[in-house]
Amino acid sequence: FAPDPSSSVTALDDCPYKEGSRCLLCLEDFDDEHESSSMHGQHMKFWKQITDRMAMLCLDLEKLPQDGYRQMGLASAWRGELWQALRVSPAPPKSVLAPFWQRVVLRHLAPADSTSKNDRETAAGLQALLKEALKAARGAGNESQETSQEKAEKDISAAVASLDKRVSGLTNISITPAVAALEDL
């Protein structure tokens, strides 16, 4: 996929799969009805899948020496590895892969320009750029989206608070210390 200059994203916090009021994943107008549609939900699952694949490859990058030495072709080699990983079965539809590649990967990892503060040819610089790319991909469309672990932790806290309130109303005993002790086990 070659980047399409006519569909460039201008701000880092723009949703990479939306262009104006158009959803680039589903090729439909983006509105509340579309956002809650099963087709958009399926495409968002693929978006999350390829974002997770990119995150896993970022862990591999952490294994490289962080000595600041330039490694010519590092960003190009990494983009090639990422391209292969994103296309592993189950491969996302092209309508999902194209905006991800053009508006997340290439936008952050394309050949360096003079305005870039991070050197794409050092492991540390490439890592910084990848963190920006992952942030853009993960924040796409729903900045308030929580990870399942964060949601579970909030649900547990709410349940403990509710139970604590009910129990203390009956017996004037707080169960919070008991729950904390159980969590320490």
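This is a short talk through one predicted protein model, from its overall layout down to a few charged side chains.

Hi everyone, and thanks for having me. Please keep in mind throughout that we are looking at a predicted model.

Let's begin with the whole chain. How many helices and strands are there in the chain? The program assigns 7 helices and 3 strands. If you trace the chain from the N terminus, the order of the elements is β-β-β-α-α-α-α-α-α-α. So that you can follow along, have the structure open and start at that end.

Next, what is covered and what is open? Of the 185 residues in the chain, 35% are buried. The chain exposes about 11500 Å², and 56% of that comes from carbon and sulfur atoms. There is also a nice number about contacts. Take the contacts between residues at least 6 apart in sequence: 63% of them join residues at least 24 apart.

Now for the salt bridges. How many does a search of the whole structure find? The search gives 3, and we can visit them one by one.

My favourite is the pair E19 and R103, whose side chains meet with a distance of 3.4 Å from N to O. This pair links distant parts of the chain, with E19 in strand β1 (residues 18–19), R103 in helix α4, and their positions 84 residues apart. Are these two partners buried or exposed? R103 counts as buried because its relative accessibility is 5%, and the cut-off for buried is under 20%. E19 has a relative accessible area of 34%, so it is partly exposed.

The second bridge joins D29 and R22, with their closest N and O atoms 3.8 Å apart. R22 is partly exposed, at 35% relative accessibility.

For the third, look at helix α2, which covers residues 38–61. Here D52 and K48 form a salt bridge, and their closest N and O atoms are 2.7 Å apart. Both residues lie in that helix, 4 residues apart, and that is about one turn of the helix. D52 is partly exposed at 32% relative accessibility, and K48 is partly exposed too, at 49%.

Let's move on to charges that gather on the surface. Which residues make up the patch of negative charge? They are E28, D31, D32, E33 and E35. Helix α1, residues 32–35, gives the most to this patch, with 3 residues. One residue of that helix is E35. Why can E35 belong to a surface patch? Patch residues need over 30% relative accessible area and no salt bridge, and E35 is partly exposed because its relative accessible area is 36%.

Before I finish, two details of the backbone. The first is at L27, in the loop between β2 (22–23) and β3 (28–29). Its phi is near 60°, a positive value in a residue other than glycine.

The second is a peptide bond. Which form does the bond from S89 to P90 take, cis or trans? This one is cis, with omega near 0°. You will find P90 in the loop between α3 (74–86) and α4 (94–109). Helix α4 may sound familiar: R103, the partner of E19, sits there.

That's my tour. Thanks for listening, and I'm happy to take questions!

Terms used. Residues numbered from 1 in each chain as written. Predicted model: local features only at pLDDT ≥ 70, side-chain atom pairs only at ≥ 80, totals over all residues. Heavy atoms only, no water. Patch = residues over 30% accessible without salt bridge, like charges linked within 9 Å, V, L, I, M, F, W, Y side chains within 5 Å. Areas by Shrake-Rupley, 256 points an atom, 1.4 Å probe, with all protein chains shown as cover. Salt bridge = Lys/Arg side-chain N within 4 Å of Asp/Glu carboxyl O. Lys, Arg positive; Asp, Glu negative; His and termini not counted. Charge placed at Lys NZ, Arg CZ, Asp CG, Glu CD. Buried < 20%, exposed > 50% of the residue type's maximum accessible area, 1.4 Å probe, protein only. Contact = heavy atoms within 4.5 Å.
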